Amino acid sequence: MINTVALMGRLTYEPELKTTGSGVSVLRFQIAVDRNYQRQGTERQADFIDCVAWRQTAEFVSRYFHKGSMIAVEGSIQTQNYTDKDGNNRKSVEVVANNVSFCGSRNEGAGASQAPSFEQPAPSYASAQGSDFEEIVDDDDDLPF
């Protein structure tokens, strides 16, 4: 059986680290993930996906990620059936995060402007004058085979 999920999105609220009665760190968070398909003339849609992290992964998310931070999550889907306070049967679906990674720039989640990007100019092949490069001549006569 395969149950693997890979997501990349932004945290929708500030994550809060909690501890279970037995001292295990747990953190629930939600990420907004843009959908791949967008109908022409409509606004882009996003899915809001509930996630949970345990132990060191929970502590890592709590320490380094904040509301609006871009995050990559690798994990598995877990479902639970329960009865709500009105007696209705419900099902919850969440991603159990096994690995989380940084995405985007360092300052992106802190409200700072986007990191500067490096754009290399396109090479011009029309003229070799003024170039620091020397033309390479492939001479197969020197090869021993």
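# Exercises on a predicted model

A search of the whole structure turns up five aromatic pairs. The model is a predicted one, and the exercises below walk through some of its features.

## Exercise 1: Classify a ring pair

Work out whether the rings of Phe 60 and Tyr 64 are stacked, edge-to-face or tilted.

*Solution.* Begin with the distance: the two ring centres are 5.2 Å apart, and rings pair if their centres lie within 6.5 Å. Next, take the angle between the planes, which is 55°. Planes under 30 degrees apart count as stacked and those over 60 as edge-to-face, with the rest tilted. The angle of 55° fits neither of those two classes, so the pair of Phe 60 and Tyr 64 is tilted.

Then place the two residues in the chain. Both belong to helix H1 (residues 55-64), where they sit four residues apart, so about one helical turn separates them.

Finally, look at their surroundings. Phe 60 has 25% relative accessibility and counts as partly exposed. Tyr 64, at 43%, is also partly exposed.

## Exercise 2: Follow Phe 60 to another partner

Find out how Phe 60 and Phe 102 are arranged, and which elements they link.

*Solution.* Take the geometry to start with: the centres are 5.5 Å apart and the planes meet at 65°, which makes this aromatic pair edge-to-face. Now locate the partners. Phe 60 is in helix H1 and Phe 102 is in strand S6 (residues 89-102), so the pair links distant parts of the chain, 42 residues apart. Phe 102 has a relative accessible area of 52%; since exposed means over 50%, Phe 102 is exposed. To complete the picture, Phe 60, Tyr 64, Phe 65 and Phe 102 make up one aromatic cluster.

## Exercise 3: Read the chain as a whole

Describe the order of the elements in the protein chain and how much of the chain is buried.

*Solution.* Count the elements: there are one helix and six strands. Read from the N terminus, they follow the order β-β-β-β-α-β-β. Turn to burial: 23% of the 145 residues count as buried. The accessible surface comes to about 11900 Å², and carbon and sulfur atoms account for 47% of it. As for contacts, take those between residues at least 6 apart in sequence: 56% of them join residues at least 24 apart.

## Exercise 4: Examine Glu 94

Decide whether Glu 94 is buried or exposed, and identify its side-chain polar contact with Arg 28.

*Solution.* Glu 94 lies in strand S6. Its relative accessibility is 13%, and the limit for buried is under 20%, so Glu 94 counts as buried. The side chain of Glu 94 makes a polar contact of 2.6 Å with the side chain of Arg 28. Leaving out residues up to four places away in sequence, Glu 94 touches several residues, among them Arg 28, Asp 50, Val 52 and Ser 76.

## Exercise 5: Check the cysteines

How many disulfides does the structure hold, and are Cys 51 and Cys 103 buried or exposed?

*Solution.* The structure holds zero disulfides. Cys 51 is buried, at a relative accessible area of 1%. Cys 103 also counts as buried, at 17%.

## Exercise 6: Trace a hairpin

Work out how strands S2 and S3 run relative to each other, and what happens between them.

*Solution.* Strand S2 (residues 16-19) and strand S3 (residues 25-34) run antiparallel and are joined by four bridges. Thr 19 stands opposite Ser 25 in S3. Five residues lie between the strands of this hairpin, in which Gly 23 takes a positive phi near 90°.

How values were computed: Residues are numbered from 1 along each chain as its sequence is written. This is a predicted model: local features need pLDDT of at least 70, side-chain atom pairs count only at pLDDT 80 or more; totals for chains, interfaces and linings use all residues. Side-chain values use heavy atoms; hydrogens and water are left out. Rings of Phe, Tyr and Trp (its six-membered ring) pair if their centres lie within 6.5 Å; planes under 30 degrees apart count as stacked, over 60 as edge-to-face and the rest as tilted. Helices (H or I, at least four residues) and strands (E, at least two) are DSSP runs, numbered from the N terminus. Buried means under 20% relative accessible area, exposed over 50%, partly exposed in between (1.4 Å probe, protein chains only). Contact means heavy atoms within 4.5 Å. Accessible areas come from the Shrake-Rupley method with a 1.4 Å probe; for residues, only the protein chains shown count as cover. A polar contact is a pair of N or O atoms within 3.5 Å; within protein, one must be able to donate a hydrogen and the other to accept it, and residues adjacent in sequence count only if both atoms are side-chain atoms. A disulfide is a pair of cysteine sulfur atoms within 2.5 Å. Two strands pair if DSSP finds at least two bridges between them.
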